[in-house]
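These are my notebook entries on one protein chain. I wished to record what could be looked up in its structure, entry by entry.

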Amino acid sequence: MDHVVPLAEAWDSGAAKWSTKRREQYANDLGAERSLVAVSLGPNRKKGDKDPAEWMPPANDATCTYATDWISTKLRWKLTADHAEIKALHMIAANCKDATVTFTPAP
């Protein structure tokens with residue numbers, strides 16, 4: 001299993017200020033369909049704790065899904081995004097005309 005927004009990225013984006021319990025809730029988030037996804041080991045190792053400015057899935061047909069999952073997770077947990085991340089997501093979104101971001105705020 002892989003966190004769409006890696007734990008280290010979440011930490012840098014606001015989770016460092018959370019309680020231990022809140023961080024555990026994030027790490028084990030089964031309440032959102034796409035916060036945790038099954039992946040093969042190779043792509044997961046290459047992704048590490050990178051954000052969309054630094055890494056995107058190698059399969060072009062996964063780009064829009066990954067970007068919307070990333071944004072949904074960040075919004076769900078009220079995590080911040082840096083300038084490079086936002087710029088990359090805007091560029092990706094330009095090619096995702098039918099993509100929709102939906103999320104339910106984390107409890």
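The entries below go from the core to a pair of helices and then to single residues.

**Entry 1. The model**

I noted at the outset that this is a predicted model.

**Entry 2. The nonpolar core**

I looked up the largest nonpolar core and found that it has 17 residues. The members that touch the most other members are V5, A10, W18, Y26, W70, W77 and L79. I then asked which helices each supply at least two residues of this core. They include α4, which spans 63-76, and α5, which spans 83-93. The largest share comes from α4, with three residues. I set beside this a general remark: in soluble globular proteins, nonpolar side chains tend to be buried together.

**Entry 3. V5**

I listed what V5 touches, leaving out residues up to four places away in sequence. The list consists of A10, Y26, K47, W70, T73, K74 and L79. Two of these partners, K47 and W70, have entries of their own below.

**Entry 4. W70**

I turned next to W70, which lies in helix α4. Is W70 buried or exposed? Its relative accessible area is 0%, so W70 is buried; the cut-off for buried is under 20%. Apart from neighbours within four places in sequence, W70 is in contact with V4, V5, P6, E9, K50, D51, P52, E85 and L89. I also looked up one distance: the C-alpha atoms of W70 and V4 are separated by 6.0 Å, although the two residues are 66 residues apart along the chain.

**Entry 5. How α4 meets α5**

I examined the pair of helices α4 and α5, whose axes come within 10 Å. At what angle do these axes cross? They cross at roughly 135°. I recorded α4 as oblique to α5 because of that angle. The crossing of α4 and α5 is left-handed. On the side of α4, the contact is made by T63, A67, W70, I71 and K74. On the side of α5, E85, L89 and I92 take part. I sorted the residues of this contact by kind and obtained five nonpolar, one polar and two charged.

**Entry 6. D69**

I looked up D69, which lies in helix α4. Its relative accessibility is 10%, so D69 counts as buried. With neighbours within four places in sequence left aside, D69 is in contact with V4 and R34.

**Entry 7. K47**

K47 is found in helix α3, which covers residues 41-47. I asked whether K47 is buried or exposed. K47 is buried, for its relative accessible area is 1%. Which residues is K47 in contact with, leaving aside its neighbours within four places in sequence? They are D2, H3, V4, V5, P6, W55 and Y66. I checked K47 against S13 as well: the two are 34 residues apart in sequence and 17 Å apart in space, C-alpha to C-alpha.

**Entry 8. D2**

D2, one of the contacts of K47, is found in strand β1, which is made of residues 2-3. At 10% relative accessibility, I entered D2 as buried. The C-alpha atoms of D2 and A27 are separated by 9.9 Å, and the two residues are 25 residues apart along the chain.

**Entry 9. The loop between α4 and α5**

I finished with two residues of the loop between α4 and α5, beginning with K78. What is the relative accessible area of K78? The value is 72%, so K78 is exposed. I also noted the backbone of K78: phi is near 55°, which is a positive value in a residue other than glycine.

D82 lies in the loop between α4 and α5 as well. D82 has a relative accessible area of 38% and is therefore partly exposed. I looked up how far D82 lies from S35, which is 47 residues away along the chain, and the separation of their C-alpha atoms is 20 Å.

Key. Residues are numbered from 1 along each chain as its sequence is written. This is a predicted model: local features need pLDDT of at least 70, side-chain atom pairs count only at pLDDT 80 or more; totals for chains, interfaces and linings use all residues. Side-chain values use heavy atoms; hydrogens and water are left out. A nonpolar core is a set of buried Ala, Val, Leu, Ile, Met, Phe, Trp, Tyr and Cys residues joined through side-chain atoms within 4.5 Å. Buried means under 20% relative accessible area, exposed over 50%, partly exposed in between (1.4 Å probe, protein chains only). Helices (H or I, at least four residues) and strands (E, at least two) are DSSP runs, numbered from the N terminus. Contact means heavy atoms within 4.5 Å. Axes are lines fitted to C-alpha atoms, for helices over the stretch in contact, and angles run from 0 to 180 degrees between N-to-C directions. Angles under 35 degrees count as roughly parallel, over 145 as roughly antiparallel, 65 to 115 as roughly perpendicular and the rest as oblique. A crossing is left-handed if the near helix is turned anticlockwise from the far one by less than a right angle, and right-handed if clockwise. Ala, Val, Leu, Ile, Met, Phe, Trp, Tyr, Cys and Pro count as nonpolar, Asp, Glu, Lys and Arg as charged, and the others, Gly among them, as polar.
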